[in-house]
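Dear colleague,

Please find the structure below, together with its sequence. My notes on what was found in it follow directly after.

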Amino acid sequence: MITFKLKKGLDIPLQGCAAADTMGISRPEVFAVVPDHFAGITPRLSVHEGDRVKAGTPLFHDKTHEQMNFVSPVSGEVLAINRGDRRKVMSITIKADLQDEYEQFDLSNLTDGKQVKQALLKSGLWMFIKQRPYDVIANPDKQPKSIFISGFDTAPLAPDYTYVLKGQTSALQAAVDALSKIAKVHIGLNAKQHNVELSGLKNVEFAEFDGPHPAGNVGVQINHVDPVNKGETVWTINVQDLAIIGHFLLSGKVDLVKLVALVGPMVIEPRYYRVRYGVPVSYVVKGTVHNEVPLRIVSGNVLSGHQVEMDEILEPTANQISVIAEGSDTHEFMGWIMPRFNIFSTNRTVGSAFLCGKKDFDFDARMLGGRRAIIVSGEYDKVLPMDIYPEYLLKAMIAGNLDRMEQLGAYEIAPEDMALCEYVCTSKLPVQAIVRQALDNMRKELE
Amino acid sequence: MFDKLYKVVEKLRPTFSEGGKLHAFHSLFDGFDTFLFTPNTTAKRNGVQIHDATDSKRTMIMVVIALVPAMLFGMYNVGYQHFLATGQEAGFWATFAFGLLAVLPYYLVSYIVGLGIEFTVAQWKHEEIAEGFLVTGFLIPLIVPINTPLWMVAIATAFAVIFAKEIFGGTGYNIFNVALITRAFLFFAYPTKMSGDKMFVRTDGTWGWDNGQAIADAFTGATPLGQMATASESTVQLTNASGQALSFMDAMNGLYPGSVGETCVWAILLGASLLLFTGVASWKTMFSIFVGGGLMALIFNVSGIDNAAANTPWYMHLVLGGFAFGAVFMATDPVTSARTETGKWIYGFLIGVMAITIRVLNPGFPEGMMLAILLMNAFAPLIDWCVVQANIKRRLKRITVK
């Protein structure tokens with residue numbers, strides 16, 4: 001097995017790591033599915049209000065790929081189809097039964113890649129498969145050259161997959177066996193932490209990665225093992241989602257339940273919760289966090305996640321919820337010259353840079369500076385362990401120069417890979433938003 | 001105490017906001033507001049939710065702090081040279097006070113003119129004030145000759161800020177170092193006023209103190225580089241202002257005529273150590289300038305070109321004139337320097353080479369640092385382009401290899 005030693009990157013010392021302990025949450029009466037959770041698709045409804053559905057029954061499908069279903073996470077009755085401006089479907093609510101009934105899928109003859117693909121599209125689990133380039137739900141018409149799965153996550157307070165995947169070897173093996181009929185499956189392992197559930201898998205190509213965040217990002221791993229070139233497609237799947245696919249392949253049932261880590265400095269007891277898709281954030285967060293100060297609830301990690309409100313539905317791809325203080329009530333006097341031993345920085349103009357590795361910090365959501373033009377050079381290079389010039393790529397993206405983006409490696413990049421660039425940026429540029437918009441634009445123009 | 005101050009700021013805010021009486025000065029208000037209190041705007045809904053504790057203000061202020069030793073020594077040296085020129089004895093504090101009073105008007109002019117333009121443009125473009133001029137304004141008095149009339153400094157500063165910076169889009173978009181453009185403007189627009197022996201020594205008084213003193217007989221105000229350029233022999237014994245020989249250590253100590261900030265290498269090294277320790281300036285750029293300059297001077301030493309500058313030992317070139325000051329504070333400006341790490345090596349090396357080449361081969365300009373940096377400012381994007389192009393080629397090769 002090859003080991004890649006990565007030097008560039010940064011581990012952010014955020015307080016509130018999850019303990020190895022899982023709790024259930026109370027079951028809401030009403031579940032909701034939000035089409036906006038599935039970026040890049042246009043929903044066409046398959047159900048009406050009042051229809052009976054089972055867990056796994058299609059609620060809607062994609063307009064351009066009709067075979068791509070999005071299914072109900074529970075059994076019950078379709079309560080309402082909520083629409084917004086121009087009749088856009090905002091959410092589909094389902095009044096849940098007390099006990100779930102599952103749609104039974106026939107998986108008796110998954111002999112080739114095509115049938116595996118069909119089964120995943122039909123069961124709604126396709127949503128877990130993303131593609132590079134563009135970092136969107138994979139286009140089923142394109143044959144990938146390989147499938148990449150990162151076996152660990154280095155993001156701040158990310159779930160520990162040695163814990164999350166415990167006892168799921170058979171499901172993972174089933175998923176890998178099926179997917180390897182489509183393309184070669186690669187799994188990136190953490191050189192520092194042995195994961196027995198993953199390391200014994202067959203039909204897989206392994207590579208080990210040793211280094212700070214973003215070593216666990218699948219994009220970084222692809223760049224080192226088998227980089228994406230023009231015209232090529234690579235699929236990526238989160239490893240917990242891979243286990244969900246595996247359970248489906250073993251049982252024929254779609255069970256959209258996963259462990260979500262509730263973490264961060266404002267969480268009273270950081271731990272894991274067993275969450276079914278369709279549940280509002282409040283079911284996990286209410287009563288489990290300190291609420292003396294304004295809070296920021298983040299779906300995902302604090303680098304590449306996004307802010308959510310209490311009543312929003314947690315998306316199916318979220319593996320963690322991070323809670324930090326908003327910080328809007330802090331008025332720091334002359335912050336530009338204060339030593340700031342209490343606010344983390346990698347920059348040695350700040351006192352805390354000398355405490356690096358010695359303590360964890362309770363970050364808040366403040367920008368800690370104003371937006372400027374790019375001034376300082378070489379900052380981004382230190383946190384992106386890929387053979388890419390991030391500043392030049394970003395400038396090409398701002399300029400909307402598609403040729404230049406292509407030349408500089410835009411096909412290999414997802415917003416999350418450049419999240420650390422955004423974190424360290426002295427000029428406080430919205431790096432990920434720029435990357436997302438540029439990739440969307442590129443996809444529109446080139447596909 | 002800060003809470004009270006915060007309340008005052010909040011009370012004033014509506015007056016300066018849209019529709020308020022003093023809305024025309026909102027950029028000024030924003031400037032002071034963000035100076036007093038770190039803005040508590042929080043991250044957007046999408047994108048990183050936490051940010052690093054560094055920002056543009058902090059970065060810029062580090063450069064200003066790094067410049068303080070050179071400024072303080074420069075002030076003392078201005079007083080020292082003045083009393084030497086007029087043949088008077090003066091104590092340490094009188095010497096320093098004279099220098100302070102002589103340099104202070106340049107700071108006032110530089111900041112009033114430069115910041116005035118910055119505030120106006122920020123107001124006009126509805127943008128926050130960028131901190132770039134804090135550094136530029138601090139540099140200008142340190143690099144212009146101390147006998148320059150103030151109105152010339154005002155015009156040069158205005159020219160540089162408007163035509164070297166604002167028309168490109170402001171801080172972060174300029175191609176040339178703004179402070180150096182100020183100096184270059186002075187040297188090309190008023191060549192007769194910028195030459196002569198006494199340009200770098202304050203012969204006249206300041207604020208009415210010591211006006212109209214006669215110059216002592218033994219005094220010669222020529223800078224060491226000036227002595228090299230005007231030497232009639234092919235070797236020259238460099239001297240300080242009172243005619244004593246100038247050794248390497250004397251040049252390090254800096255009590256000889258020159259621009260305010262450039263003479264004392266120890267003070268510059270102190271500033272350099274802060275910039276390098278905090279990582280604000282690139283050690284690659286700095287290091288490669290000294291390597292390039294030293295190597296080029298060494299080549300001239302043995303080349304057979306027979307003039308005073310070519311025969312000056314290579315190590316003297318590195319500590320005389322604006323070489324060290326330019327290498328530490330001017331060439332490392334990230335906006336106008338090469339931005340790729342490989343590019344920084346090339347950029348720095350070529351600045352060193354060019355600076356010494358101009359010193360030796362161009363009799364019109366005793367000092368080559370300013371022109372070398374400005375020239376390489378123009379070439380920095382090209383250097384970066386080549387470095388980035390190599391990355392693009394590597395990526396293309398990946399497909400063809402298969």
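Helices (H or I, at least four residues) and strands (E, at least two) are taken here as DSSP runs, numbered from the N terminus. The model is a predicted one, in which local features need pLDDT of at least 70 and side-chain atom pairs count only at pLDDT 80 or more, while totals for chains, interfaces and linings use all residues. Residues are numbered from 1 along each chain as its sequence is written, and chains are lettered from A and ligands numbered from 1 in the order in which they are written.

I begin with the loops of chain A. The loop between β10 (130-132) and β11 (136-137) of chain A holds Pro133(A), which a cis peptide bond joins to Arg132(A), with omega about 0°. Tyr134(A) lies in the loop between β10 and β11 of chain A as well, and its phi is near 85°, a positive value in a residue other than glycine. Tyr134(A) has 25 other C-beta atoms within 10 Å and is therefore buried. For burial, the C-beta atoms are placed from the backbone, and a residue is buried if 20 or more others lie within 10 Å of its own, exposed if 12 or fewer, and partly exposed in between.

A second cis peptide bond is that between His213(A) and Pro214(A), where omega is about 10°. Pro214(A) is found in the loop between β14 and α5 (218-225) of chain A. Lys428(A), in the loop between α10 (419-424) and α11 (431-446) of chain A, has a positive phi of about 55° although it is not a glycine. Lys428(A) counts as buried, because 21 C-beta neighbours lie inside 10 Å. As background, most residues other than glycine have a negative phi, and most peptide bonds are trans.

Next, the strands of chain A. Two strands are said to pair if DSSP finds at least two bridges between them. An open sheet of 6 strands has the order β2-β17-β16-β20-β18-β19 (chain A), with mixed pairing. At its edges stand β2 and β19 (306-308) of chain A, each with a single partner strand, so one side of each is left without a neighbour in the sheet. Neighbouring strands of this sheet are turned by 35° against each other on average, direction ignored; the axes behind this angle are lines fitted to C-alpha atoms, for helices over the stretch in contact, and angles run from 0 to 180 degrees between N-to-C directions.

The edge strand β2(A) runs parallel to β17 (residues 271-276) of chain A, and 3 bridges join them. Gly24(A), in strand β2 (residues 22-24) of chain A, stands opposite Arg274(A) in β17(A). Gly24(A) is exposed because there are only 8 C-beta neighbours inside 10 Å. In space Gly24(A) and Tyr272(A) are 8.7 Å apart, C-alpha to C-alpha, although 248 residues separate them in sequence.

Strand β14 (residues 204-210) of chain A pairs in the parallel sense with β1 (residues 2-5) of chain A over 4 bridges. β14(A) also pairs in the parallel sense with β13 (residues 184-190) of chain A, over 6 bridges. Phe209(A) in β14(A) has Phe4(A) opposite it, and Asn190(A) also stands opposite Phe209(A).

In chain B, helix α4 (residues 92-125) has 34 residues and reaches 48 Å from its first C-alpha to its last, close to the 50 Å expected at 1.5 Å a residue; the expected span is 1.5 Å times one less than the number of residues. At Val103(B), α4(B) bends by about 25°, and a proline, Pro105(B), follows within four residues. The bend at a residue is the angle between axes fitted to the seven residues ending there and the seven starting there. Among the buried residues of α4(B) are Phe98(B), Val103(B), Tyr106(B) and Glu118(B). Just after α4(B), His126(B) takes a positive phi of about 55°.

Finally, the two chains meet: 51 residues of chain B are in contact with 64 residues of chain A, contact being C-beta atoms, placed from the backbone, that lie within 7 Å. The largest share of the side of chain B that touches chain A, 7 residues, comes from α16(B). Leu36(B), in helix α2 of chain B, is in contact with Phe333(A), Met334(A), Leu5(B) and Val9(B), leaving aside its neighbours within four places in sequence.

With kind regards
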